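Welcome! Here is a short tour of one pocket and a few aromatic rings. Please have a look at the structure before reading on.

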Amino acid sequence: MAEISVKHADETAQPDDSELLRRYLDGDADSFAALMERYRKELYNFLVRFTGDAALAEDVFQEAFLQLHISAGAFDSSRRLKPWLFTIAANKARDAMRSRWRRQAAPLDATVGRGEGDRISYADLMPAQIPSPDDAMMNLEIRQAVQKIVDKMPENLRVVLLLSYFHDFPYKEIADILNVPLGTVKSRLHAAVRHFAKAWKATAEAIGDERET
């Protein structure tokens with residue numbers, strides 16, 4: 001009976017990323033479509049938060065998979081595909097952001113998932129000793145102020161924050177995606193949280209002073 005259960009599980013298991021890519025290289029176009037569908041939500045959400053523009057994120061998503069199609073034969077199947085795909089997407093997003101004049105703001109009060117049952121927003125990154133905006137986060141003035149902080153955050157800090165907090169990449173894989181040393185990832189993440197918290201504290205105090213006058 002146990003042998004039958006194992007066999008059934010093997011038959012119903014989904015092929016991993018590398019297997020789908022191998023099948024695509026062997027001429028199975030449906031396998032590439034399956035890869036796109038597998039990463040559509042997660043990669044697209046990453047790109048929306050990275051660029052702040054849903055339309056631009058969709059364009060970059062398509063460009064990332066076009067690049068995957070072009071470079072599929074060079075992929076080392078002994079490694080995980082996901083970090084490689086995010087590397088391509090992050091590079092494409094940077095190129096797209098450099099080429100445009102301005103970026104449409106994304107809502108910062110929207111929650112995003114880190115895992116099953118665990119959701120987080122930028123506001124959740126604020127240290128406990130900093131007054132929380134609570135319901136005021138729904139106020140347009142507050143949302144725009146927080147968005148402005150993130151917009152002004154150096155790109156190298158923002159992308160580490162996204163990959164770590166919102167996509168749960170281990171430090172080692174973030175290092176691979178960004179092509180930087182492991183120690184650099186850790187220091188940038190700490191710097192990103194400090195940057196956000198410090199800027200938010202100053203902004204919140206300024207808003208409070210304005211409302212008192």
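## The second largest pocket

In this predicted model, the second largest pocket holds about 180 Å³ of space. Two elements each give two or more residues to the lining of this pocket: α5 (81–98) and α8 (171–178).

If you would like to find the pocket yourself, look for the residues that line it: A74, F75, D76, R79, R80, P83, W84, T87, E173, D176 and I177. By character, the lining of the second largest pocket has five nonpolar residues, five charged residues and one polar residue.

## Rings that pair up

Now let us turn to the aromatic rings. The model contains seven aromatic pairs. One of them joins Y24 and F32, whose ring centres are 4.6 Å apart. The planes of Y24 and F32 meet at 35°, and the pair counts as tilted.

Are Y24 and F32 buried or exposed? Y24 has a relative accessible area of 17%, so this residue is buried, the cut-off being under 20%. F32 has a relative accessible area of 11% and is therefore buried too.

Y24 and F32 also belong to one aromatic cluster, together with F61 and F65.

## A charge over a ring

One more ring deserves a visit. Which residue lies over the face of F169? The residue is K82, placed at 5.0 Å from the ring centre of F169.

Methods
Residues are numbered from 1 along each chain as its sequence is written. This is a predicted model: local features need pLDDT of at least 70, side-chain atom pairs count only at pLDDT 80 or more; totals for chains, interfaces and linings use all residues. Side-chain values use heavy atoms; hydrogens and water are left out. On a 1 Å grid over the protein atoms alone, a cavity is a set of points where a 1.4 Å probe fits but cannot get out, and a pocket is an open set with protein on both sides within 12 Å along at least five of seven lines; lining residues have an atom within 4 Å of a point. Grid points are joined across faces, edges and corners, and a volume is the space filled by probe spheres set on the points. Helices (H or I, at least four residues) and strands (E, at least two) are DSSP runs, numbered from the N terminus. Ala, Val, Leu, Ile, Met, Phe, Trp, Tyr, Cys and Pro count as nonpolar, Asp, Glu, Lys and Arg as charged, and the others, Gly among them, as polar. Rings of Phe, Tyr and Trp (its six-membered ring) pair if their centres lie within 6.5 Å; planes under 30 degrees apart count as stacked, over 60 as edge-to-face and the rest as tilted. Buried means under 20% relative accessible area, exposed over 50%, partly exposed in between (1.4 Å probe, protein chains only). A charge sits over a ring if NZ of Lys or CZ of Arg is within 6 Å of the ring centre and within 35 degrees of the ring normal.
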